[in-house]
Amino acid sequence: MKNDEVNNPKHYTSGKIEALEIIEDATKDLSGIEAFALGSAYKYLIRFNKKNDPIQDLEKAVFYINRVINLRLRKIEKMYTEGEKWRL
């Protein structure tokens, strides 16, 4: 069977589950840049060992995870400096 690189590429499937299904489920309660960044991180984590440069994909996942961490830290700092209640 020929690999469908558009609709079902091999490097986006982990066992019987496609990366898109995992990403949709894992980010359903997020929005905006957090949903995008964590979805991207999941994508790189799921496929890292199926591509030519696994270290690069792991580094990309860390990049996106760090984006979310920094967004959350800035939100905490803003709440702290403005005296708002904790709403992460």
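With which side chain does the side chain of Arg47 make a polar contact? In this predicted model, the partner is the side chain of Asp57, at 3.1 Å. Arg47 itself belongs to helix H2, which covers residues 32–47. With a relative accessibility of 6%, Arg47 counts as buried, because the cut-off for that class is under 20%.

It helps to place this contact in the overall layout. The protein chain contains three helices and two strands, and from the N terminus on its elements follow the order β-β-α-α-α. Of the 88 residues in the chain, 24% are buried.

Helix H2 is a good place to continue. This helix is built from 16 residues and spans 23 Å between its first and last C-alpha atoms, close to the 22 Å expected at 1.5 Å a residue. Its buried residues are Glu34, Ala35, Ala37, Leu38, Gly39, Ser40, Ala41, Tyr44, Ile46 and Arg47. The list thus includes Tyr44 as well as Arg47, and Tyr44 leads to the aromatic side chains.

Three aromatic pairs are present in the structure. In one of them, Tyr44 and Tyr64 are stacked, with 6.1 Å from centre to centre and 10° between the planes. This pair links distant parts of the chain, as Tyr44 sits in helix H2 and Tyr64 in helix H3 (residues 54–82), 20 residues apart. Both of these tyrosines are buried. A second geometry appears where Tyr64 meets Phe63: the ring centres are 5.1 Å apart and the planes stand at 80°, so this pair is edge-to-face. The angle settles the description, because planes over 60 degrees apart count as edge-to-face and those under 30 degrees as stacked.

Are the two residues of the edge-to-face pair buried or partly exposed? Tyr64 has a relative accessibility of 19% and therefore counts as buried, the limit being under 20%. Phe63, in contrast, has a relative accessible area of 44% and is partly exposed. Phe63 is also located in helix H3. Along the chain, Phe63 and Ser40 are 23 residues apart, and their C-alpha atoms are separated by 9.6 Å. Ser40 is one of the buried residues of H2. Taken as a group, Phe36, Tyr44, Phe63 and Tyr64 form one aromatic cluster.

Another aromatic residue, Phe48, is found in the loop between H2 and H3. At 27% relative accessibility, Phe48 counts as partly exposed. The C-alpha atoms of Phe48 and Ala61 lie 9.1 Å from each other, with their positions 13 residues apart along the chain as the separation.

Turning to the surface, which residues make the nonpolar patch? Leu45, Ile65, Ile69 and Leu73 together form this patch, with an area of about 310 Å². Helix H3 supplies the largest share, three residues. Leu73 is a residue of helix H3, and its relative accessibility of 48% places Leu73 in the partly exposed class.

How values were computed. Residues numbered from 1 in each chain as written. Predicted model: local features only at pLDDT ≥ 70, side-chain atom pairs only at ≥ 80, totals over all residues. Heavy atoms only, no water. Helix = DSSP H or I, 4+ residues; strand = E, 2+ residues; numbered from the N terminus. Buried < 20%, exposed > 50% of the residue type's maximum accessible area, 1.4 Å probe, protein only. Polar contact = N/O pair within 3.5 Å; in protein donor to acceptor, adjacent residues only side chain to side chain. Phe/Tyr/Trp six-rings, centres within 6.5 Å; stacked < 30°, edge-to-face > 60°. Expected span 1.5 Å × (residues − 1). Patch = residues over 30% accessible without salt bridge, like charges linked within 9 Å, V, L, I, M, F, W, Y side chains within 5 Å. Areas by Shrake-Rupley, 256 points an atom, 1.4 Å probe, with all protein chains shown as cover. Salt bridge = Lys/Arg side-chain N within 4 Å of Asp/Glu carboxyl O.
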